Amino acid sequence: MLSRLYSALVLASLALCSLPAGAAEDRPPNVIVVLADNLGAGDLGCYGSKLHRTPNLDRMAAEGVKFTSFYVTSGVCTPSRASLVTGCYSQRVNLHVSDLGGAVLQPVAAKGLNPDEVTVAEVLKPRGYATACYGKWHLGDQLPFLPTNQGFDEFLGVPYSEDMVQEKKPDLWPPLPLMRGTMVIEAPVDCEKLTRIYTEAAVDFVRRNTERPFFLYMPAARPGSTQVVHVGNEFRGKSANGLYGDSVEELDRSLGVVLDAVKKQGLDDRTLVIWTSDNGAVRRNPPQGSNAPFAGWGYGTSEGGMRMPCLMRWPGHIPAGSVCDEVTTTLDVLPTLAAMAGASVGSDHKLDGYDASDLWLGKAGARSHYDESGFFFYHMAQLQAVRRGPWKLYLPLDSALALGAKKAPPQALRLFDVRHDIGEEHEVSAEHPEEVKALLALARRARADLGDLNAPGEGQRAAGHVDHPTARVKE
Ligand SMILES: [Ca+2]
């Protein structure tokens, strides 16, 4: 069915390309999605950081909307990214665990994003979009799983995390590859240059695509997964927070350069820019990043791990300086962009996100779809919490899986009003037994659909698989 759908989309695309120039006014919006890596809200000036200088992010908030209940679907990279790209929980597309049983895909993984899944790039392409991915992919490093086989015209980046260097597994992992399309162009790549390389590529992409709509996905690899953070030379030592702060300020500058390029091409009011992060800052000793005002760290299902900074800017469409506290998530990216672009996804293709245009564009009285469906916090295959409306319920668990923990401790049932008690200081399950009951019922439904631990869900689909994975090396 999916391949039939795709053929139909391709035909639609060909038809669109032949539209007369007069149709330009109906042109769907350009979209730029920037996804930081392991960066929490508390690291941005517009969310309260006094430590980092983020003038471009702050300007984006002043000129657009700042979300305060924006979620990703996982506290770690691969599943979080899978949801943004597919509009589905990672459990549905089966990227919630790696082929080795780990939390994220490693180099030379047999598993990856199934090419039969429909990516946001594949949805937009038939509407005439130029599509590109510049940055950290992390949805599979085998050829069928790479961006250029998943709807992106162009890929420039590293196919997985930059901490997955050859030194860690010399017999199996290759020198860290920088790829263009499916070719390795540099290995090992000098990670300190990467933000600049991606930024320059983005500017060039905007310049090359003024006459047609474009979708640019920039999964930045900063601050990233290494304790000694990679930073471009001109930013080193400039912040008040070591290399970590330097990298946040470099990311901010990168955004500024891209926004300037959009403006210079006269595309400001044609371009929706979305800026968020794939999961919260991770616990380090000494601490580096901040998820304030949310509690907890990246790599788990806490608010700090999964409630992200998110800014959107689209002059003339999104009210300047607005704040949205309704729940919207990376699951909504695909369905919302599809709606904005007038693209169709196919009615029998199950998505987990919603068209959140009303929320994103600041329509008065717009409410979150998750107030009905609930939003689910999984760690790998384990459902750990559910949110609906202001309520987040941590489910009672005999042992709650946690990354890096030798022993999984039990988790007690706890209910918080995370709209008003965002630091989760007041446990209120005894006062709200009906809410607890309703959230437990939603959890049962999620488990049946998306699975839980060793019990697969009936709505899960197969991941991509290759029998003989190979390393990405320079030819
Ligand atoms: Ca991450």
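**Reading the terms in a predicted model**

Reader: What makes both faces of β15 covered?

Author: In this predicted model, Trp391 and Leu393 on one side of β15 and Lys392 and Tyr394 on the other are all buried. Buried here requires 20 or more other C-beta atoms within 10 Å of the residue's own, and because residues on both sides are buried, both faces of the strand count as covered.

Reader: How do you know that β14 and β15 are paired, and in which sense do they run?

Author: Pairing asks for at least two bridges between the strands, and 4 bridges join β14 (residues 382-388) to β15 (residues 391-394), so the pair qualifies. The two strands run antiparallel. Along this pair, Arg388 stands opposite Trp391, while Arg387 has Lys392 as its bridge partner. The hairpin of β14 and β15 has 2 residues between the strands, and Gly389 takes a positive phi near 55° there.

Reader: What lies on the other side of β15, and how many bridges join β15 to that strand?

Author: The strand is β16, which runs antiparallel to β15 and is joined to it by 4 bridges; one opposed pair is Tyr394 and Arg414, the latter in β16.

Reader: Why are β13 and β16 called edge strands?

Author: The open sheet holds 4 strands in the order β13-β14-β15-β16, with antiparallel pairing. The strands β13 (375-379) and β16 (414-417) each pair on one side only, and they are the edge strands. From one strand to the next the twist averages 20°. Helix α11 (residues 433-450) lies across β13, β14, β15 and β16, and runs at about 130° to β14.

Reader: Why are α5 and α6 called roughly parallel?

Author: The angle at which α5 (residues 194-208) and α6 (residues 242-264) pack is about 10°, with their axes 9 Å apart. Angles under 35 degrees count as roughly parallel, and the two helices are therefore described in that way. On α5 the contact is made by Thr195, Thr199, Ala202, Val203, Val206 and Arg207, and on α6 by Glu250, Leu251, Ser254, Val257, Val258, Ala261 and Val262. Sorted by class, this contact has 8 nonpolar, 3 polar and 2 charged residues.

Reader: How do you know whether Cys191 is buried or exposed?

Author: Cys191 has 21 C-beta neighbours inside 10 Å, and since the buried class begins at 20, this residue counts as buried. Its place is in the loop between β7 (183-186) and α5. Leaving aside neighbours within four places in sequence, Cys191 is in contact with Glu162 and His230. Cys191 and Arg222 are 31 residues apart in sequence and 10 Å apart in space, C-alpha to C-alpha.

Reader: What makes β6 and β7 a pair, and how many bridges are there?

Author: There are 3 bridges between β6 (residues 178-180) and β7, in the antiparallel sense, so the requirement of at least two is met. Arg180 stands opposite Met183 in β7, and in the hairpin of these strands, which has 2 residues between them, Gly181 takes a positive phi near 65°.

Reader: What makes the backbone at Asn38 and at Tyr299 worth a remark?

Author: Most residues other than glycine have a negative phi, and most peptide bonds are trans. Asn38 has a positive phi near 60°, and Tyr299, also not a glycine, has a positive phi of about 80°. Asn38 is in the loop between β1 (30-36) and α2 (55-63), and it is buried because 29 other C-beta atoms lie within 10 Å. Tyr299 is in the loop between β9 and α7, and with 25 C-beta neighbours inside 10 Å it counts as buried.

Reader: Which peptide bonds are cis, and what is omega in each?

Author: The bond from Arg222 to Pro223 is cis, with omega near -10°, and Pro223 is in the loop between β8 (214-218) and α6. A cis bond also joins Asn285 and Pro286, where omega is about 0°; Pro286 is in the loop between β9 (271-277) and α7 (303-306).

Reader: How many residues of domain 1 and domain 2 are in contact?

Author: The domain assignment gives domain 1 as 7-16 + 28-370 and domain 2 as 372-450. Their C-alpha centres lie 26 Å apart, and 23 residues of domain 1 are in contact with 22 residues of domain 2. The side of domain 1 that touches domain 2 divides into 12 nonpolar, 8 polar and 3 charged residues.

Note on methods
Residues numbered from 1 in each chain as written. Predicted model: local features only at pLDDT ≥ 70, side-chain atom pairs only at ≥ 80, totals over all residues. Axes fitted to C-alpha atoms, helices over the stretch in contact; angles between N-to-C directions. Parallel < 35°, antiparallel > 145°, perpendicular 65-115°, else oblique. Contact = placed C-beta atoms within 7 Å. Nonpolar A, V, L, I, M, F, W, Y, C, P; charged D, E, K, R; others polar. Buried ≥ 20, exposed ≤ 12 C-beta atoms within 10 Å, placed from the backbone. Domains from an automatic or database assignment.
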